[in-house]
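Here is a short tour for someone meeting this structure for the first time. Keep the sequence and the 3D view open while reading.

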Amino acid sequence: MKLSELKNHLTQLTEVNFLLPNGEMLPKHYHITEAGLTTKHYIDCGGTIRKEEVISFQLWVADDFDHRLSVKKLSNIIQLAEPIWNNRDLEVEVEYQSESISRHGLEINDSGFKLINKFTDCLAKDKCGVPTEKIKINWREVSSTPSTSCTPGSGCC
């Protein structure tokens, strides 16, 4: 989700809720402890230099059970942080601690927002020998009539 989508969805909410990837709601007394710009400048296993930038929010649950983050307060946090983001409409990531600090994508949900699990991947499969995904064939679509010749790409074998 881009920042513009988050801001637009905020205007439609009366409260800010987050659904965790396991289906549980984040406790309502959470805090946003950071709003920042995360830059990752790296070289992948194929030798390509890459740079990624995302807007990041860190969610934290404390023991102050009366705390509630309102739509207005989150809008104010975003407004204060926009100079850090140079008013760019970047992807939004959310950091949240479960067993360890984890980074999540963000989607719109009926009750607010949903944290989406992110996964690692090889960015240079062609350079480091990772086989490409095999083509999947729906056997029902393959002709059942025998062919008189078998040529590459004919589907006979």
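## Inside the fold

The largest cavity is lined by Leu6, Phe18, Ile32, Phe57, Leu59, Leu74, Val94 and Leu106. Its volume is about 30 Å³. The structure holds 1 cavity of 30 Å³ or more. Bear in mind that this is a predicted model.

## Overall layout

The protein contains 3 helices and 6 strands. Starting at the N terminus, the elements follow the order α-β-β-β-α-β-β-β-α. The chain has 157 residues, and buried residues make up 31% of them. Take the contacts between residues at least 6 apart in sequence: 63% of these join residues at least 24 apart.

## The sheet

In what order do the 6 strands stand in the sheet? The order is β1-β6-β5-β4-β3-β2. The sheet is open, and its pairing is mixed. β1 and β2 stand at the edges. Each has a single partner strand, so one side of each is left without a neighbour in the sheet.

Start at the β1 edge. Strand β1 covers residues 18-19. Its pairing with β6 (residues 112-117) is parallel and rests on 2 bridges. Phe18 stands opposite Phe113 in β6. Phe18 is also one of the residues lining the largest cavity.

Leu19 belongs to β1 too. Is Leu19 buried or exposed? Leu19 is buried, with a relative accessible area of 15%. Its C-alpha atom is separated by 6.2 Å from that of Phe113, although the two residues are 94 apart along the chain. Beyond its neighbours within four places in sequence, Leu19 contacts Glu24, Met25, Asn109, Phe113, Lys114 and Leu115.

Now go to the other edge. Strands β2 (residues 30-43) and β3 (residues 49-61) run antiparallel, joined by 13 bridges. Ala35 has Phe57 in β3 as its bridge partner. Phe57 also appears in the lining of the largest cavity. The hairpin of β2 and β3 has 5 residues between the strands. There, Gly47 takes a positive phi near 95°.

## The largest pocket

How much space lies in the largest pocket? About 440 Å³. The pocket is lined by 15 residues, and the closest to its centre are Lys40, Tyr42, Glu52, Arg103 and Phe119. Both β2 and β3 contribute to this lining, with at least two residues each.

## The loop between α2 and β4

α2 spans 71-81 and β4 spans 92-97, and Glu82 lies in the loop between them. Glu82 counts as buried, at 16% relative accessibility. Its side chain makes a polar contact of 2.6 Å with the side chain of Lys7. Setting aside residues up to four places away in sequence, Glu82 touches Leu3, Lys7 and Asn87.

Asn86 lies in this loop, and so does Asn87. Most residues other than glycine have a negative phi. Asn86 is not a glycine, yet has a positive phi of about 55°. Asn87 is not a glycine either, and its phi is positive at about 55°. Asn86 counts as exposed. Asn87 counts as exposed as well.

The table sets out accessibility for several residues discussed in this report.

| Residue | Relative accessible area | Class |
|---|---|---|
| Leu19 | 15% | buried |
| Glu82 | 16% | buried |
| Cys128 | 36% | partly exposed |
| Asn86 | 53% | exposed |
| Cys45 | 55% | exposed |
| Asn87 | 62% | exposed |

## Cysteines without a bond

How many disulfides are there? The count is 0. A disulfide needs two cysteine sulfur atoms within 2.5 Å. Cys45 is in no disulfide: the nearest cysteine sulfur, that of Cys128, is 3.6 Å away. Why does Cys128 not bond with Cys122? The closest cysteine sulfur to that of Cys128 is in Cys122, at 3.3 Å, which is too far for a bond. Cys45 is exposed, with a relative accessible area of 55%. Cys128 is partly exposed, with a relative accessible area of 36%.

Definitions and conventions. Residues numbered from 1 in each chain as written. Predicted model: local features only at pLDDT ≥ 70, side-chain atom pairs only at ≥ 80, totals over all residues. Heavy atoms only, no water. Buried < 20%, exposed > 50% of the residue type's maximum accessible area, 1.4 Å probe, protein only. Pairing = 2+ DSSP bridges. Helix = DSSP H or I, 4+ residues; strand = E, 2+ residues; numbered from the N terminus. Polar contact = N/O pair within 3.5 Å; in protein donor to acceptor, adjacent residues only side chain to side chain. Contact = heavy atoms within 4.5 Å. 1 Å grid on protein atoms, 1.4 Å probe; cavity = no way out; pocket = protein on both sides within 12 Å on 5 of 7 lines; lining within 4 Å. Points joined across faces, edges and corners; volume = space filled by probe spheres on them.
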